[in-house]
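Student: Please take one close look at the pockets of this model, with attention to what lines them and to the chain segments around them. I would like one connected account, with each cut-off stated where its term comes in.

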Amino acid sequence: MSNTFIFNLKKIIALTLIVSFFSCEDKKADTETSNNVLWYQKPAANWNEALPIGNGRIGGMLFGGVENDQIQLNEETIWAGEPGNNITKDYFNEVEAIRKLLFDGKYEEAQKMALEVFPKSTPEDNNYGVPYQTVGNLNLHFEGATHFENYKRVLNIENAISTVTYTSNGVNYKREYFVSFPDQVMVVRLSADKSKQLNFEVSMDTPQKTHNISTENGLLKLTGKSGDHENKTGKIKFETLVYPKLTGGELVQNDTSLSIKNADEALLFVSIGTNFKSYDDLSGSAEKIAQNHLEKSQSKPFSELKQAHVSDYKNLYDRVSLQLGDDTNSALPTDKRLENFATTEDLSLVSLYFQFGRYLLISSSRPGGQPANLQGIWNHRLSPPWDSKYTVNINTEMNYWPAEVTNLSELHQPLFSMLEDLSVTGQESAKKMYHARGWNMHHNTDIWRVTGMIDGGFYGFWPMGGAWLSQHIWQHYLFTGDTEFLKKYYPVLKGKAQFYADVLQEAPENNWLVVAPSMSPENKYVGSVGVSYGTTMDNQLVFDVFSNAINASKVLGIDTEFADSIAVMKKRLPPMQIGKHGQLQEWIKDWDRPNDKHRHISHLYGLHPSAQVSPFKNPDLFKAAEQTLEFRGDISTGWSMGWKVNFWARMLNGNRAYKLIKTQLTLVEDGTESGGTYPNLFDAHPPFQIDGNFGCTAGIAEMLIQSHDEALHLLPALPDAWHKGSVKGLKARGGFEVDLDWNNNRLKSVKIKSELGGNLRLRTTEILVDKNGNELTKASDENENIFYQTPDIKTPLVSAEAEITPLELVQYMVYDVATEKGKTYEFQVQTKK
């Protein structure tokens with residue numbers, strides 16, 4: 001045997017081992033995650049095909065190009081403008097005049113005046129909020145890499161790492177991307193299975209008008225300032241540092257770029273800092289923040305960085321698992337699965353979409369940071385749609401619907417922090433516009449926590465944004481039982497109740513107390529008139545605001561006199577009304593139109609996310625809500641479909657909820673005008689809004705457990721198609737963690753951990769037995785668990801013309817189990833004889 005043959009054989013074996021290493025690593029990543037990967041066979045052609053990564057503060061959109069790889073960058077505090085509210089004068093007299101017109105039945109005149117006082121176009125001396133803005137792009141250019149094969153682009157949502165692999169000129173290349181929360185940097189690792197094969201240029205660009213790109217000491221640096229907007233000057237300063245750490249090869253420093261030549265491996269560290277400290281403080285140092293994070297991370301080996309990132313992420317993600325059926329279709333690219341979903345039953349795509357929503361929340365909302373905005377933290381524009389602000393007449397709230405039930409409770413914290421800010425800035429809105437105590441905001445805000453009207457006297461005349469947002473405080477308490485948390489945020493709840501205690505007016509009919517002026521978000525009732533009073537959603541929200549403040553005062557043992565005073569006012573709120581079409585009325589008068597297909601179904605807030613409409617306590621209202629849903633139909637914008645999934649889950653109609661999920665999971669391409677899902681699984685409003693993702697994730701959880709209606713309801717809305725499955729780790733109110741298994745569309749087994757103790761009331765269609773085969777104790781009295789008390793609503797008023805079909809429910813078993821804190825309880829379904 002010749003030496004040449006032996007040498008060549010060794011080369012072949014070595015090459016085979018290296019190729020096997022790359023392919024095994026990729027296979028390991030895919031098989032370990034089972035269905036929980038998004039993957040594609042080509043680079044992203046546009047932003048809605050790019051893959052999102054993030055750590056709450058820093059976001060990246062990965063295009064994965066072979067010759068030119070673009071990483072679009074965001075940092076959560078880079079917004080246009082500067083500190084300051086958007087209330088320019090005392091508007092009380094104007095608000096009073098509009099109210100009088102409404103009470104006199106002069107609705108068109110009221111709307112006309114509202115638009116004159118608060119014009120749709122922003123006045124020169126004011127602003128209607130500012131846009132969230134992009135940092136820019138990190139660009140990697142690989143000269144001559146035009147021919148390649150075996151391309152694969154992956155986002156593994158079980159470890160929050162994205163990879164790109166491909167073969168070019170006989171060399172196997174791999175890129176790995178993640179954004180570390182522990183180390184506060186983005187890390188990109190580039191490697192090849194042959195030495196000296198990495199040759200590329202690193203550059204940056206940005207659409208920001210004020211910026212500078214330079215290199216120094218082996219670093220690429222982008223400094224800049226956010227943009228001006230309306231009457232505000234851009235004052236967010238930011239700095240982005242890119243540091244390449246090479247194994248082998250050479251680093252060449254150009255004027256505005258860095259060149260890597262003949263390297264074996266390259267680690268790119270991306271660190272971003274801004275001068276933002278709070279909504280009213282820009283005294284931070286962008287340079288020091290960026291440098292500090294870089295200095296602390298750059299000396300760490302890749303394995304340590306990766307391990308810290310994965311460990312932190314999985315501590316959140318691994319709390320919940322969902323399996324629907326036995327089959328997975330992960331062998332197909334994700335865009336192909338979406339394309340086939342309309343004609344192919346792909347239940348594992350539903351579970352992937354559910355987990356993708358959790359992934360997005362983990363990646364866009366972390367304690368100590370900003371809440372997820374209209375696009376989470378991902379935005380490539382200076383002027384994104386709707387400024388990517390916080391739209392609080394549904395969208396911001398929807399972002400956080402999954403937080404508690406999908407076991408990501410601590411990710412709620414940024415929203416609570418924003419509520420603290422708003423309870424301060426909102427005092428100006430309460431005083432100057434309404435001469436009221438407490439605090440107020442309207443339908444929108446931004447990083448500066450503006451609380452004045454935005455978008456004028458039609459869309460903006462809704463002084464209820466804080467009422468809805470503050471519900472999240474009370475719901476967090478119901479899920480966690482955290483009295484210290486409740487004590488900290490009680491002033492926010494009380495301030496909101498004080499505002500409505502001062503603002504409520506006696507309506508001309510029935511002497512009810514109502515909010516006036518206001519509207520049912522974004523909808524009209526007479527011609528082009530939206531401004532109104534006593535709308536159903538407003539009444540439901542004030543009912544919850546008062547109820548929460550009353551209950552919180554009881555829990556904390558404080559403010560009894562104030563609680564008593566608002567309890568009296570709560571009794572004078574309007575009841576819900578069933579209109580002549582058998583629908584739940586949207587307005588104080590029976591103005592609903594059966595052909596109204598508006599995307600907002602605001603008057604069903606009482607059905608979801610609130611708990612005022614119950615099939616067990618007020619079946620006629622429940623049927624009226626169903627009629628409203630039938631009138632509105634299924635087809636709508638992306639986020640609205642997400643809300644309808646929750647509605648139909650609350651209607652205990654799993655098949656209808658699943659039909660909406662299937663409609664939501666309709667592949668739409670960039671530029672499409674209909675709602676659905678983009679190739680990267682982003683929700684298409686269109687354009688992209690992240691709330692649809694979060695809403696659908698929450699809706700899937702609502703189909704599996706519900707805990708709002710005085711019991712923990714197991715599999716309340718299981719579709720026929722989900723005949724077999726399991727879910728582990730969902731959270732219910734009262735601190736219960738729930739695992740369920742089912743087969744043949746029937747519950748099979750239940751495992752519940754009680755984190756707070758107390759009575760566990762279960763509602764199910766099955767007979768449950770304990771480990772000894774004994775049936776559980778049937779419930780007989782009211783649920784004594786304080787986290788399962790729902791305030792009684794007024795008897796609804798029913799139109800004489802309404803025809804209401806009696807509600808028919810399946811037979812439910814209701815059980816009580818006394819639990820102890822920290823213990824786990826397991827039950828089985830009694831086998832049918």
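Tutor: In sorting the residues of a lining, Ala, Val, Leu, Ile, Met, Phe, Trp, Tyr, Cys and Pro count as nonpolar, Asp, Glu, Lys and Arg as charged, and the others, Gly among them, as polar. By that scheme the lining of the second largest pocket divides into 14 nonpolar, seven polar and six charged residues.

The model is a predicted one, in which local features need pLDDT of at least 70 and side-chain atom pairs count only at pLDDT 80 or more, while totals for chains, interfaces and linings use all residues. Residues are numbered from 1 along each chain as its sequence is written, and side-chain values use heavy atoms, with hydrogens and water left out.

The mean pLDDT (the predictor's confidence in each residue, from 0 to 100) is 94 for the chain, and 96% of the residues reach 70 or more. Confidence is lowest in helix 1, residues 3-33, with a mean of 41, and highest in strand 3, residues 58-62, at 99. Residues 1-33 have a pLDDT below 50, and beyond near neighbours in sequence this stretch makes 23 contacts in the model (heavy atoms within 4.5 Å). Where pLDDT is low, the predicted coordinates should not be read in detail.

The second largest pocket (an open set of points on a 1 Å grid over the protein atoms alone, where a 1.4 Å probe fits and protein lies on both sides within 12 Å along at least five of seven lines, with lining residues having an atom within 4 Å of a point) has a volume of about 560 Å³ (the space filled by probe spheres set on the points, which are joined across faces, edges and corners). Its lining holds 27 residues, and Leu-652, Pro-716, Ala-717, Val-810 and Tyr-812 lie nearest its centre. Two or more lining residues come from each of helix 17 (619-632), helix 19 (654-664), strand 26 (712-714) and strand 29 (746-754) (DSSP runs numbered from the N terminus, helices being H or I of at least four residues and strands E of at least two). Helix 17 gives the largest share, three residues.

Just ahead of helix 17, Asn-618 sits in the loop that runs from strand 22 (577-578) to this helix. With a relative accessible area of 12%, Asn-618 is buried (buried means under 20%, exposed over 50%, partly exposed in between, with a 1.4 Å probe and protein chains only). Not counting residues up to four places away in sequence, Asn-618 touches Gln-612, Val-613 and Ile-793. By contrast with these contacts, the C-alpha atoms of Asn-618 and Ile-362, which are 256 residues apart along the chain, are separated by 37 Å.

The largest pocket has a volume of about 930 Å³. It is lined by 49 residues, and those closest to its centre are Trp-474, Gln-475, Leu-478, Ala-611 and Arg-733. The lining is made up of 20 nonpolar, 17 polar and 12 charged residues. At least two of the lining residues are supplied by each of helix 9 (401-405), helix 13 (471-480), helix 15 (536-556), helix 18 (638-650), helix 20 (691-704), strand 25 (705-706) and strand 27 (725-732).

Among these contributors, helix 13 deserves a separate description. Eight of its 10 residues are buried, so helix 13 is largely enclosed by the rest of the structure. The buried set consists of Gln-471, His-472, Ile-473, Trp-474, His-476, Tyr-477, Leu-478 and Phe-479, and two of its members, Trp-474 and Leu-478, are also listed with the residues closest to the centre of the largest pocket. After helix 13 comes Gly-481, whose phi is positive, near 65°.

Backbone features also occur in loops next to other contributing helices. Asn-407, in the loop between helix 9 and helix 10 (413-434), has a positive phi near 65° although it is a residue other than glycine, and with a relative accessible area of 7% it is buried. Between strand 21 (513-514) and helix 15, the loop contains Pro-517, which is joined to Ala-516 by a cis peptide bond with omega of about -5°. Likewise, Pro-686 lies in the loop between strand 24 (683-684) and helix 20, and the peptide bond from His-685 to Pro-686 is cis, with omega near -10°.
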